Every structure is written in C-alpha cells, then in structure tokens.
Amino acid sequence: MTLQLVIGNKNYSSWSMRPWVLLRQAQIPFEEVQLKFAENDGGLTVPGIEKYSAAGKVPVLMVDGQPVWDSLAICETAAEMFPEKKLWPEDAAARRVARSVCAEMHSGFQAMRGAMVMNIRSRHPGKGATPAAMKDVQRIVSLWSMCRERFGSAGPLLFGRFSVADAFFAPVVTRFETYGVPLPPEAQAYCKAVHNLEAVREWCDAARRETEFVQADEPYATKP
Ligand SMILES: N[C@@H](CCC(=O)N[C@@H](CS)C(=O)NCC(=O)O)C(=O)O
C-alpha cells in the first residue's frame with residue numbers, strides 16, 4: 001500500500017499541518033507532495049490539486065492512488081488503517097472527548113482562524129486579538145484544561161500520550177506564538193509540549209525556510 005500526503009505551504013496551511021504531524025509523529029511512512037498556494041482575486045488556489053482531488057483543497061491523502069480529502073477524514077482513515085499506533089485514546093470515555101474536541105476545532109473558532117491566520121515564520125504580537133477571537137481563545141484554553149485534568153495524567157499532551165487531538169491543535173499552538181497570545185501557565189506548558197514534538201519541530205523548521213509570500217494569508221504585512 002502506498003500513501004502520499006498532498007499538502008500546501010508549510011508556513012500557512014494549518015489544515016495540512018494536522019495530518020502531516022499525525023503521520024510523521026506516529027512514524028507512519030508516506031510520500032510528501034507539496035503544492036504551493038497561488039493568489040486569485042484576493043483568495044487562494046492550489047495549482048495542481050485537480051490531479052489529486054476534485055474538492056480543490058489541501059490536504060489530500062492518496063491511498064494507493066485513491067483520494068481521501070479533508071483533514072478530519074484523513075486522520076480518521078489513518079487511525080483506522082494503523083490501529084496499532086493508537087492515534088485515538090484507548091479509553092472509550094477519553095476517546096469520545098478527543099473526537100468532540102477535534103470536531104469542535106474542525107468546525108469552529110472561525111473568529112480566531114480569521115484574525116490569527118497561521119503564519120509560523122512571522123511574529124505579530126497583539127494583532128488579531130479581537131473580542132470574538134479572544135472568546136475563541138478562552139474556549140480553546142478551557143478545552144485544553146479540561147482534557148489535561150481529566151485524561152492527561154500519563155504525559156504532557158491533551159490525553160497524556162500523543163493523539164489526533166494534539167495534531168489538530170498544533171496549528172493553534174503556532175498561532176498563539178505568532179500573535180503573542182497571553183496564556184495561563186497550564187496552557188503554556190501544553191504549548192511547550194506540542195512544540196517539543198519531533199514532527200512539529202520538523203514542520204516548523206521547514207515553514208521558516210519557505211519564502212513565498214501569500215497576501216491572502218498575510219493580513220498584517222504587505223508583500224516585500
Ligand atoms: N476542511 C478542510 C479545509 C481545507 C482547506 O480549506 N484548505 C485550504 C488551504 S489550508 C485550501 O486548500 N484552499 C484552497 C482553495 O480554497 O481553493 C480540511 O480540513 O482539510
């Protein structure tokens with residue numbers, strides 16, 4: 001069986017970061033196919049994506065040449081294909097909560113996403129802290145705290161050991177750093193644990209080496 005993961009710019013593509021971090025951290029071998037964003041009327045396109053998915057967005061996981069599109073579907077597929085990797089928590093109650101926090105992350109927090117666009121290599125402290133974005137931040141911090149308190153005793157991550165939930169929140173951790181979001185000590189400790197994951201380091205190092213400037217993802221800078 002062959003796995004190819006089609007992703008966008010590592011500096012900007014928060015949706016791509018999730019499955020990439022999940023597969024890499026779990027040491028599941030895959031071929032990376034990177035497509036770079038292009039600008040289109042103030043928005044984004046991904047030239048070349050039509051070869052992989054009619055949905056036109058990254059990420060896409062090609063399993064033996066067949067597409068699985070959307071980051072949540074990809075992570076669920078990986079968990080199903082590699083049960084021995086225990087990508088979801090083993091305990092059923094923990095797993096229900098892990099699925100819920102991932103789903104909430106997947107479908108929510110639009111205000112934070114819009115005001116604090118992922119931009120790993122840049123620093124814009126204080127920018128994007130609109131009341132609506134900060135309400136999202138508060139909810140995220142309280143989700144992290146609930147997961148850590150109830151299920152986190154076996155390690156520093158949301159459910160103790162690494163799971164899909166950490167892959168889902170990794171892009172948020174980078175946003176909090178980019179925008180200098182003030183966090184309580186437990187949330188800071190969780191962010192540190194995520195930054196310490198080998199796969200997160202590897203992704204962020206590659207993001208910092210990217211030089212493409214995509215105006216649609218740069219609300220606080222103008223093209224040099
Ligand atoms: N819900 C999708 C969202 C994917 C998405 O919006 N990807 C963006 C880049 S991060 C994209 O491909 N945009 C190009 C476009 O909309 O044409 C997922 O979880 O994979």
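# Close-up views of a predicted model

**View 1. Strand β1 and its two partners.** Four of the five residues in strand β1 (residues 3-7) are buried, leaving the strand mostly covered. Please keep in mind, here and in the views that follow, that this is a predicted model. One partner of β1 is strand β5 (residues 60-63), and these two pair in the antiparallel sense over four bridges. To find your place in that pairing, look for L5, which stands opposite L61 in β5. The other partner shown is β2, which pairs with β1 in the parallel sense, again over four bridges. Here a handy landmark is I7, standing opposite Q34 in β2.

**View 2. A cis peptide bond in the loop between β4 and β5.** Most peptide bonds are trans. The bond from V58 to P59 is cis, and its omega is near 5°. P59 belongs to the loop that runs between β4 (43-45) and β5.

**View 3. Helix α1, largely enclosed.** Nine of the twelve residues of α1 are buried, so the rest of the structure largely encloses this helix. If you would like to pick them out, the buried residues are S14, S16, M17, R18, P19, W20, V21, L22 and L23. The length of the helix agrees with expectation: at 1.5 Å a residue, twelve residues should span 16 Å, and the end C-alpha atoms of α1 are indeed 16 Å apart.

**View 4. Two loop residues with positive phi.** Most residues other than glycine have a negative phi. Q27, which follows α1, has a positive phi of about 60° although it is not a glycine. Q27 is in the loop between α1 and β2, and its relative accessibility of 64% counts as exposed. D41 is also not a glycine, yet its phi is positive, at about 50°. The loop that holds D41 lies between β3 (38-40) and β4. With 80% relative accessibility, D41 counts as exposed.

**View 5. The aromatic pair of W20 and F30.** The model has seven aromatic pairs by the rule used here. In this one, the ring centres of W20 and F30 are 6.2 Å apart and the planes meet at 85°, so the pair is edge-to-face. W20 sits in helix α1 (residues 14-25) and F30 in the loop between α1 and β2 (31-34), so the pair ties together parts that are ten residues apart in sequence. Both W20 and F30 are buried.

**View 6. W144 and Y190, a link between two helices.** These two residues form an edge-to-face aromatic pair, measuring 4.7 Å from centre to centre with 65° between the planes. W144 comes from helix α5 (residues 131-151) and Y190 from helix α7 (residues 185-195), so the pair ties together parts 46 residues apart in sequence. Both W144 and Y190 are buried. Widen the view a little and you will find W144, F169, F176 and Y190 forming one aromatic cluster.

**View 7. Helix α5 and its buried face.** The 21 residues of α5 reach 30 Å from the first C-alpha to the last, close to the 30 Å expected at 1.5 Å a residue. Its buried residues are A133, D136, V137, I140, V141, L143, W144, C147 and F151. Seen down the helix axis, the buried residues of α5 fall within an arc of 160°, so they line one face. Which elements does this buried set pack against? The buried residues of α5 pack against α3 (92-107), α4 (110-115), α6 (164-178) and α7. Turn to the other side of α5 and you meet the exposed residues P131, K135, Q138, E149 and R150.

**View 8. P125 in the loop between α4 and α5.** P125 has its place in this loop and is exposed, with a relative accessible area of 62%. Setting aside neighbours within four places in sequence, P125 is in contact with T178, Y179 and G180. F176 is 51 residues away along the chain, and the C-alpha atoms of P125 and F176 are separated by 9.1 Å.

**View 9. A charge over a ring.** In this last view, R99 places its charged end over the ring of W88. The distance from that charged end to the ring centre is 4.9 Å.

Technical notes
Residues are numbered from 1 along each chain as its sequence is written. This is a predicted model: local features need pLDDT of at least 70, side-chain atom pairs count only at pLDDT 80 or more; totals for chains, interfaces and linings use all residues. Side-chain values use heavy atoms; hydrogens and water are left out. Rings of Phe, Tyr and Trp (its six-membered ring) pair if their centres lie within 6.5 Å; planes under 30 degrees apart count as stacked, over 60 as edge-to-face and the rest as tilted. Buried means under 20% relative accessible area, exposed over 50%, partly exposed in between (1.4 Å probe, protein chains only). A charge sits over a ring if NZ of Lys or CZ of Arg is within 6 Å of the ring centre and within 35 degrees of the ring normal. The expected span of a helix is 1.5 Å times one less than its number of residues. The arc is that of the directions from the helix axis to the C-beta atoms. Contact means heavy atoms within 4.5 Å. Two strands pair if DSSP finds at least two bridges between them.
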